[in-house]
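I opened a fresh page for this one and kept my entries short. Come along and look things up with me.

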Amino acid sequence: MQNVFKLDALASAPLKTDPYPYFTVDQAIDGEKIGDIIRAFPAINDGGSYNIDDVEMQPDFRSLIDSIDTPAFRRIICDKLDVEVMDLPMMITLRGFSRKKDGRIHTDSKTKIATILIYFNESWPSDTGRLRVLRGEQDMDDYVEEITPGPGSLMAFKVTDNCWHGYPSFEGKRQSIQINFLTSAAAGNKHRFFHRLSARLKSLFK
């Protein structure tokens, strides 16, 4: 699967700096391929993040994952967000289901340099569950932009002390890929360990 990402759309997306550096793309995936990718999204019926190595992937979805880590994609993130990620480790995780408790206001950990979220729902009729770029940690309604979770919508942001984001409580299918550039390989190993442990515990207690 070639040219899955609309790299030109990512490169031309305007950088926003209020309240922190980020950019969005409404349709970041090739329109002729997004349907097949959504249909091939791994079945994840529990909340939380899953390592890509811990889920079964169909060929269309595997091709998408394999196409993510390219020098061109990394360069766009460097140039847009003013970060240096060309040689940093990348971690990719999946989410398939939102619990009522998910989406609470938070910032990303300091082991992450940049975060890229890509959403894979065919449509989004719900009024809740839309990602919000927030001005602070207290008020979910104090936001500057709202991102619909699919099909193929993308948000990328620089991890800062004030990169507050979240979404109003939603329970149901909410599919996404999260791409993180990390400060070190050790940080990646730690994140993956806890994602894998969480997934195994959920499986045991079903």
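**Entry 1: a word to settle.** Before looking at any residue I fixed one term: buried means under 20% relative accessible area. I also noted that this is a predicted model.

**Entry 2: the cysteines.** I looked up C163 with that cut-off in hand. C163 has a relative accessible area of 0%, so this residue is buried. C78 is buried too, with a relative accessible area of 5%. Next I checked for disulfides, reminding myself that a disulfide is a covalent bond between the sulfur atoms of two cysteines. The count came to zero.

**Entry 3: the sheet.** In what order do the six strands of the open sheet come? I read them off as β1-β7-β4-β9-β3-β2, with antiparallel pairing. β1 and β2 stand at the edges with a single partner strand each, so one side of each has no neighbour in the sheet. I then looked inside the sheet at β4 and β7, which run antiparallel and are joined by five bridges. For one residue to find on screen, I picked I116, whose bridge partner in β7 is A156.

**Entry 4: a stop at Y50.** I went to strand β2, residues 50-51, to find Y50. Is Y50 buried or exposed? Y50 has a relative accessible area of 11%, and under 20% counts as buried, so Y50 is buried. I also looked up Y50 and G96, which are 46 residues apart along the chain. Their C-alpha atoms are separated by 8.8 Å.

**Entry 5: the nonpolar core.** Which residues have the most contacts inside the largest nonpolar core? I found F61, I77, F120 and I177, in a core of 41 residues. The elements that give two or more residues to this core are β1, α2 (34-39), α3 (59-68), α4, β3 (90-98), β4 (112-119), β7 (154-158) and β9 (172-182). The largest share, five residues, comes from α4. I then followed F61 to its contacts, leaving out residues up to four places away in sequence. F61 touches I37, A40, F41, P42, L94 and I177. Apart from the largest core lies another, of eleven residues, among them Y20, Y22, M155 and C163. That brought me back to C163, the cysteine with 0% relative accessible area.

**Entry 6: two helices.** I took α3 next. Its buried residues are F61, L64, I65, S67 and I68. They cover an arc of only 165 degrees around the axis, which puts them on the same side of α3. On the other side of α3, I found P59 and D66 exposed. What do the buried residues of α3 pack against? My note reads α2, α4, β3 and β9.

Then I moved to α4, residues 71-81. Buried in this helix are F73, R74, I76, I77, C78, K80 and L81. After α4 comes D82, whose phi is positive, near 55 degrees.

**Entry 7: charged pairs.** I began with a general reminder: side chains of opposite charge can pair when their charged atoms come close. How many salt bridges are there? The count comes to eleven, and I wrote up three of them.

- D18 and R135 meet in a salt bridge, 2.9 Å from N to O. D18 lies in the loop between α1 (7-12) and β1 (22-25), and R135 in the loop between β5 (131-134) and β6 (143-147), so the pair ties together parts that are 117 residues apart in sequence. D18 is partly exposed at 41% relative accessible area, and R135 is partly exposed at 40%.
- R74 and D69 meet in a salt bridge, 2.6 Å from N to O. R74 counts as buried at 7% relative accessibility, whereas D69 is partly exposed at 41%.
- D141 forms a salt bridge with R132, and their closest N and O atoms are 3.0 Å apart. D141 counts as exposed at 59% relative accessibility, whereas R132 counts as buried at 9%.

I also noted that salt bridges sharing partners join D18, R135 and D142 into one network.

How values were computed: Residues are numbered from 1 along each chain as its sequence is written. This is a predicted model: local features need pLDDT of at least 70, side-chain atom pairs count only at pLDDT 80 or more; totals for chains, interfaces and linings use all residues. Side-chain values use heavy atoms; hydrogens and water are left out. Buried means under 20% relative accessible area, exposed over 50%, partly exposed in between (1.4 Å probe, protein chains only). Helices (H or I, at least four residues) and strands (E, at least two) are DSSP runs, numbered from the N terminus. A salt bridge is a side-chain nitrogen of Lys or Arg within 4 Å of a carboxyl oxygen of Asp or Glu. A nonpolar core is a set of buried Ala, Val, Leu, Ile, Met, Phe, Trp, Tyr and Cys residues joined through side-chain atoms within 4.5 Å. Contact means heavy atoms within 4.5 Å. The arc is that of the directions from the helix axis to the C-beta atoms. A disulfide is a pair of cysteine sulfur atoms within 2.5 Å. Two strands pair if DSSP finds at least two bridges between them.
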